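Welcome, and please open the structure in your viewer. We will go from stop to stop, with something to select at each one.

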Amino acid sequence: MAVNLKVPALYFCLFLFGLLLNYSSQAQNHQIDSLIKVVRIEKDSNVVLPLMRLITGVADDDSCLNYWKVVLELSESMSYYNGQLQSLYKISDFQQIGNEHEEAIRTLDRILPVAEKAGFKKFEYLVFRNKARSLQKLGRSKDALESLLTASKVADELNKQDLQAEILFEMGDFHRLQHNYEKSISYFEKASTIYRENDLESGYCRLLFYMAITYKHFDEIDLKRKGIASLIEVIEGTCGTKLSDFKQAINWSNLGSAYIDIDELEKGEEALLHALNLKRKIGDPVSIAYTLNELSSLYLKKKNAPRALKYAEEAYSNGSKGEDVFLMEDVLENLAISNYQSGNYQNGYEFLYRYKELKDSIRNKDTNQALAEMSSKFELEKKEKDLMQKDLLIARQESRFNQYLLIGLGILALILGLFFWSRWTLQKQKLNAQKLRELDELKSNFFTNITHEFRTPLTVILNGLANKKIDENRVSLSQNEADIIQRNADRLQNLINQLLDLSKLEAGKAKLIVSQNDLVAFLKRLAHSFESIAGQKEIRLQFFSPIDEIKAYFDVDKVEKIVSNLLANAIKFTPNGGEVNLLLLKNEEDNVEIIVKDNGIGIAEAAQKHIFDRFHQVDYSDTRSYEGSGIGLALVDQMVKIHGGQITVDSRLGKGSIFTVQLPVNEKNYTKEQIAADLPFMKIDQLKRPLIHPSFTLDDEAYTNSPEDKEQAFILLVEDDADLRFLLKTQLSPEYKVVEAVNGEEGLEIALHQIPDLIISDVMMPEMSGYELCKRLKTEERTSHIPIILLTAKATQGEKLEGLESGADSYLVKPFDKKELETRIRQLILQRKKLQQRFSREIVYRTKETSVASRQDIFIRNLLENIEEEIANDGFGVEELAQSVHMSRSQLYRKVKALTGKTPNVFLREIRLGKAKELLEQNAGNVSEIANMVGFSNANYFYKCFKDAFGITPGEVLRSES
């Protein structure tokens, strides 16, 4: 009995000790530690529940996570299901916030068997919902959708309206991120019905915002109006009453733009003017300039040039106070057009010139037209003035010297003849100059693209070798690295061979050497050599011939190059899972037709007549979807012609292309000099391996999860070239966490969801260029702070300026030195740390004022405003703060951590403490009252935090002020 009495006595002493500590400055942590000791000794699950409640109030994220791990250990030792479920769920939440999504999935999977044993159905729903979020961020969209569908089934079984509405919202957001906007809206509308019927206001407000941004993507006016209606409900409904002036101004600006998008200019004007009044109250000159410039554009649409000029001039005055070059570019353009339309041609010309200097090249068609019309206007006015002077001179001569009338008329006729002759000569010169400009542009584009083609494999080869130690005898390379270098060397050789072949054909030095072979067997083997390349994209490649054997005379080398180029293009321009067919047909005229058909992206009708021109490419932009030099089809065309045949194309955008080559295969079609002795039939391994750059061969997924080490900086690598992406990741992974994206669109999505510390991006990529990606990220509040390094083959000064003007922090030209890249990464991350120190120094304990000079400052000020509004609300935590700035909790965590070096929890607590100190210094109440005024429901905890922050107690501050 004595032994049995000791344990309860120990239990009672420890518990009593914890209660006494509740009134000290370190009550909470001591109380948690005391209860943990009690549970370890007593193995009493009844103590775990109050323990978990205490842990929920711990402010420090790291301490909180460690406590939950202890609860998990204790709960498992006692088979206490509720404790296991709560702790596992909380641990997975921390892992998701830290972007450890693989770990989070494994933790969530551990919940399911425990929830099944305990019969806690809601935990099953939470597991599948949260698991879908992590899967989507890992790029596993199919698995994410399956997890959401399972969560939906569980929500139906539980028959809880809030869960059913929430999972419908999650499904809608999933399809929105997949750009399937029709499905997204259908789910959003179902969720909206449930939210409204059950008065679930917070979820409904969030849903309205997402519906508005989704409707923007539709072309139909009626659907755009629905998005406007959602935005109006956000502004004018109960949701809007909780918004700050800054957020309301942004919403009104968005509403104005939406009205302009559907040509309802009066409503757009009203909304923008309302936004302007709100922004003037806030006093941010750059934000004001944006709205002023939108108004200027609106009045240009309304043909009200004087008013457009007035707002453009005011936008210029406000915009000059900031550093937003993209805003100033738009403002200068509006100044030029509004001056011109107001009749101020000289001013308009000057602003166009300044616009050209800022942008380096004017791409806006309307502005180009304005410049051309202005130049023509000046030239016409000058000519009219000259003619008027000449007519006046002739009139005076007629009045004074009638006898010289015939001579005067002759002189006039001579002048007019010279004028028209000079004008005809000038027009001819302009036409020739235009042709020369077009040719120069064509050649310039060719050399730009061929340079890009050369620079990328050169970068891969040089960096691949630079990564390895080279001794006197050998270079130490892995098989994978050796394959990459060999493949890129083959690419360079293939490009050079194409240039040489085209040069020979144009110089007439290429000779036709035909021999008799089985064309069916030849093409079948050639198609077979492409099967592995097609298989990597899951493309179905088929060869078909209605005749088993066709004895034909043809040049083996040239037909191989013709068909290889066409097959390579077909595979390149066909998306994953598509189909490419090679067909061989024999005509009655002893001709054959070789047909290459695909269901790929197709070619626009206007571009089809140029695709066989030398150096021509359908897409010259930075976002061209596929690499190429613009000589492949020109080479095919020349080889078909020298073979005495012809090539045609039939294509539709989004439907695919059909290339048809007609070749004569009868002996009589060739001279004796062209016919060689029968050549031995080529084996399949003698056929040249098709050189399609396999940007899709190295990675099974678009990007992978980052490493577990939280201390490493997180780098997002956006590069469509798989070999270069592989080498850069290999180079950077030992020191940094590296996540990959294969194009700009994918990079943007990852950056918005995972908020990296630094981004390295190529310029010329599919879907979205590096310039556009940079602009989007720098103008997006969640990512504007992230430093960006652009990698490119574009080496001119103007192109470098364009990259820097897009917002890039650094610009490297391929091939670049790996040490230079590593140095720039280190410097940019160091600068980011200095920025953290600055914000940490300037913002902590200040709740009313902060300098406004950049997007980062505006973001921090917005946070401070939201905290100030809810500072007395003890239920206003990190989740509510994230919702107030329209971010997820993980996005807010990475943004605030990147800017201040502090977690949102610490940031929020320090702002509350700063406000408390201010109130204490003003003698605004006693300590307990002021603690409640700044959201601390526990006075002892407030006392502890205050002393930790300022080194003195709240009471000492009050006494000093008294």
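Which residues in α26 are buried? To find out, select residues 632-642, the span of helix α26. The buried ones are G632, L633, A634, L635, V636, D637, M639 and V640. That makes eight of the helix's 11 residues, so α26 is mostly covered, buried meaning under 20% relative accessible area. Keep in mind throughout the tour that this is a predicted model. Before moving on, step past the end of α26 to G644, where phi is positive, near 80 degrees.

**Two turns worth a click**

Now look for a positive phi in residues that are not glycine. Select S79, which is not a glycine and yet has a positive phi of about 55 degrees. You will find S79 in the loop between α4 (61-78) and α5 (81-97). S79 counts as partly exposed, because its relative accessibility is 49%.

Next, select D263. Here too phi is positive, about 65 degrees, although D263 is not a glycine. Its place is the loop between α13 (245-261) and α14 (265-282). Is D263 buried or exposed? D263 is exposed, because its relative accessible area is 58%.

**Salt bridges**

Stay in this loop and select E264 together with R225. Their side chains meet in a salt bridge, 2.2 Å from N to O. R225 belongs to helix α12, while E264 sits in the loop between α13 and α14, so the pair ties together parts that are 39 residues apart in sequence. R225 is partly exposed, with a relative accessible area of 37%, whereas E264 is buried at 17%.

How many salt bridges does a search of the whole structure find? The search finds 33 of them. Some form a network: select E266, E269, K302 and R307 to see four residues linked by salt bridges.

For another pair, select K729 and E740. These two form a salt bridge whose closest N and O atoms are 3.0 Å apart. K729 is in helix α27 (residues 722-732) and E740 in strand β9 (residues 737-741), with their positions 11 residues apart in the count along the chain. Of the two partners, K729 is partly exposed with a relative accessible area of 22%, and E740 is buried with 3%.

The next pair to select is K915 and E868. Their side chains meet in a salt bridge with an N to O distance of 3.5 Å. Helix α35 (residues 904-921) holds K915 and helix α32 (residues 855-869) holds E868, so this salt bridge ties together parts 47 residues apart in sequence. K915 is buried, with a relative accessible area of 11%, while E868 counts as partly exposed at 26% relative accessibility.

**A charged patch on the surface**

Switch to a surface view and select E182, D219, E220 and D222. Together these residues form a negative surface patch. For a point to centre on, pick E220, in the loop between α11 (201-215) and α12 (221-236). E220 counts as partly exposed, because its relative accessibility is 44%.

**A covered loop residue**

Where does T574 lie? Select T574 and you will arrive in the loop between α24 (556-572) and β4 (579-586). T574 is buried, because its relative accessible area is 0%. Add A534 to the selection: this residue is 40 residues from T574 along the chain, and the two C-alpha atoms are separated by 9.6 Å.

**Cysteines to finish**

Finally, turn to cysteine. A disulfide is a covalent bond between the sulfur atoms of two cysteines. How many disulfides does the count come to? The count comes to zero, where a disulfide would need a pair of cysteine sulfur atoms within 2.5 Å. Select C64 to see one buried cysteine, with a relative accessible area of 7%. Then select C945, which also counts as buried, at 7% relative accessibility.

Technical notes: Residues are numbered from 1 along each chain as its sequence is written. This is a predicted model: local features need pLDDT of at least 70, side-chain atom pairs count only at pLDDT 80 or more; totals for chains, interfaces and linings use all residues. Side-chain values use heavy atoms; hydrogens and water are left out. Patches are made of residues with over 30% relative accessible area and no salt bridge: like charges are joined within 9 Å, nonpolar side chains (Val, Leu, Ile, Met, Phe, Trp, Tyr) within 5 Å. Accessible areas come from the Shrake-Rupley method with a 1.4 Å probe; for residues, only the protein chains shown count as cover. Lys and Arg count as positive and Asp and Glu as negative; His and the chain ends are not counted. The place of a charge is taken as NZ of Lys, CZ of Arg, CG of Asp or CD of Glu. Helices (H or I, at least four residues) and strands (E, at least two) are DSSP runs, numbered from the N terminus. Buried means under 20% relative accessible area, exposed over 50%, partly exposed in between (1.4 Å probe, protein chains only).
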